[in-house]
Amino acid sequence: MRRYAVPAPPGSQITPESTWLRRRQILKALALAGPALAAGCGRAEDGAGAQAAELPGEPLTVTGRSAYSTDETRTSLRDATHYNNYYEFGTGKDDPWRRSGRFKPAPWSVEVAGHAELTGRFALEDLVKPHTLEERVYRMRCVEAWSMVIPWVGIPLADVLKRFRPTSQAKYVAFTTVERPAEMPGLSYPVLRWPYREGLRIDEAMHPLALLAVGLYGRTLPAQNGAPLRLVVPWKYGFKGIKSIVRIDFTESQPATSWNLSAGDEYGFFANVNPAVSHPRWSQASERRIAGDGLNLLGNRIATLPFNGYADQVASLYAGMDLRIHY
Ligand code: MTE
């Protein structure tokens, strides 16, 4: 999706793989001994074929299978954590895992502002603790026409948002990613207007499929996937799934979003997966399901489904809207 030629980073900025784990800090941030996490009744499966020594993050206790999960073959943990988009670390698919070793996901807090009765700064532990963690195996369809099937661990976004008691003026919810140039080498390139921003209409945000994720494959999120807290909206293109969230705003008007600001003709606010509306530079009719062959552009092509296969659950949110215009 990148539009501008970005100079290659000097070799000295490349971080060795061995430094990418921040186990203790993540453990502390999620307060694993907390009551909500202990309330779970099972352990999520680890990624297929992953060796214990390679596993990122710390194990999480989650509830059993969610009715919202797909049975499709899961993408390997290796692919899900080594083929990423996280432009704050660079625009290459391997930049996020290679260059995120300096990123500190703890301590972490989220500023909540705007049209809600309860606003202020909240520690991540306090946001997560009252909730039971669920595993949701979702399809993820990137706007670049590749896809994965990822077992996320998280909390329905609605359950967290309701605790702030949004007022009737809250028509949208806006999210902002942390902006730390010393830890995120991609921020020195003007590929996007930083910080990364995303947003949802309030009814989209309150839909039960929208998830605030703290983990994947039963473990806390690694930096490259958006540690320690990211959004997952499975019926929309992956760029709506904003990573490393530090701010949530309840707004009355539609918030500005990074990709829409940078290339509004290519990336709309709604960004619902729609095989009938081509990106100006490529078709959205099909996608590559990544299976150990991330850079092979000819691999594994399958048809893309309206709303990424979640139409039964979400199409009614857009009744009466022309999705060719409101893309
Ligand atoms: N969030 C931030 N802050 N920065 C990014 O560059 N990339 C988005 C989204 N969230 C991005 C982001 C895009 S384009 C996709 S496809 C997904 O993250 C990829 O998520 P994953 O790397 O965990 O698979």
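# Loops, ligand and cavities

Trainee: Between which two strands does the loop with Pro195 lie?
Mentor: Keep in mind, as we begin, that this is a predicted model. The peptide bond from Trp194 to Pro195 is cis, with omega near -5°. Following the chain around this bond, we find Pro195 in the loop between strand 7 (172-177) and strand 8 (197-201).

Trainee: Which residue is joined to Pro228 by a cis peptide bond?
Mentor: Pro228 has its place in the loop between strand 10 (219-220) and strand 11. The bond in question has an omega of about -5°, and the partner that it joins to Pro228 is Ala227.

Trainee: What is the phi of Ala145?
Mentor: To find the residue, look at the loop between strand 5 and strand 6, where Ala145 lies. Ala145 is a residue other than glycine, and its phi has a positive value, near 75°.

Trainee: Which residues come nearest to the ligand?
Mentor: There are 17 residues around the ligand, and by class this shell has 8 nonpolar, 6 polar and 3 charged residues. Of those 17, the ones that come nearest are Asn84, Tyr87, Glu88, Gly241 and Lys243.

Trainee: How far does a polar side-chain atom of Arg230 lie from an oxygen atom of the ligand?
Mentor: It helps to take the polar side chains one by one, starting with Asn84, where a polar side-chain atom lies 2.8 Å from an oxygen atom of the ligand. For Glu88, an N or O atom in the side chain is 2.8 Å from a nitrogen atom of the ligand. For Arg230, the partner is an oxygen atom of the ligand, and the distance is 2.9 Å.

Trainee: What percentage of the ligand's accessible area does the protein cover?
Mentor: We begin with the ligand on its own, which has 530 Å² of accessible area. Setting the protein around the ligand then covers a share of that area, and the share is 100%.

Trainee: How much space lies in the largest cavity?
Mentor: A search of the whole structure finds 4 cavities of 30 Å³ or more. The largest cavity is the space taken by the ligand, and its volume is about 300 Å³.

Trainee: Which strand gives the largest share of the lining of the largest cavity?
Mentor: The lining has 25 residues, and Asn85, Tyr86, Gly238, Gly241 and Lys243 lie nearest the centre of the cavity. By class, this lining divides into 16 nonpolar, 6 polar and 3 charged residues. The largest share amounts to 4 residues, and these come from strand 6 (residues 146-156).

Trainee: Which strands each supply at least two residues of the lining of the second largest cavity?
Mentor: This second largest cavity holds about 90 Å³ of space. It is lined by 13 residues, of which Met140, Val232, Val233, Pro234 and Gly238 are the closest to its centre. The lining has 7 nonpolar, 2 polar and 4 charged residues. Those that each supply at least two of its residues are strand 5 (134-141) and strand 11 (230-232).

Trainee: Which residues lie nearest the centre of the largest pocket?
Mentor: A pocket, unlike a cavity, is an open set of points, and the largest pocket contains about 250 Å³ of space. Its lining divides by class into 6 nonpolar, 5 polar and 4 charged residues. Of the 15 residues that line this pocket, those nearest its centre are Tyr83, Glu144, Trp146, Arg288 and Leu297.

Definitions and conventions
Residues are numbered from 1 along each chain as its sequence is written. This is a predicted model: local features need pLDDT of at least 70, side-chain atom pairs count only at pLDDT 80 or more; totals for chains, interfaces and linings use all residues. Side-chain values use heavy atoms; hydrogens and water are left out. A residue is near a molecule or strand if one of its heavy atoms lies within 4 Å of it. A polar contact is a pair of N or O atoms within 3.5 Å; within protein, one must be able to donate a hydrogen and the other to accept it, and residues adjacent in sequence count only if both atoms are side-chain atoms. Accessible areas come from the Shrake-Rupley method with a 1.4 Å probe; for residues, only the protein chains shown count as cover. On a 1 Å grid over the protein atoms alone, a cavity is a set of points where a 1.4 Å probe fits but cannot get out, and a pocket is an open set with protein on both sides within 12 Å along at least five of seven lines; lining residues have an atom within 4 Å of a point. A molecule sits in a cavity or pocket if more than half of its atoms lie within 2 Å of its grid points. Ala, Val, Leu, Ile, Met, Phe, Trp, Tyr, Cys and Pro count as nonpolar, Asp, Glu, Lys and Arg as charged, and the others, Gly among them, as polar. Grid points are joined across faces, edges and corners, and a volume is the space filled by probe spheres set on the points.
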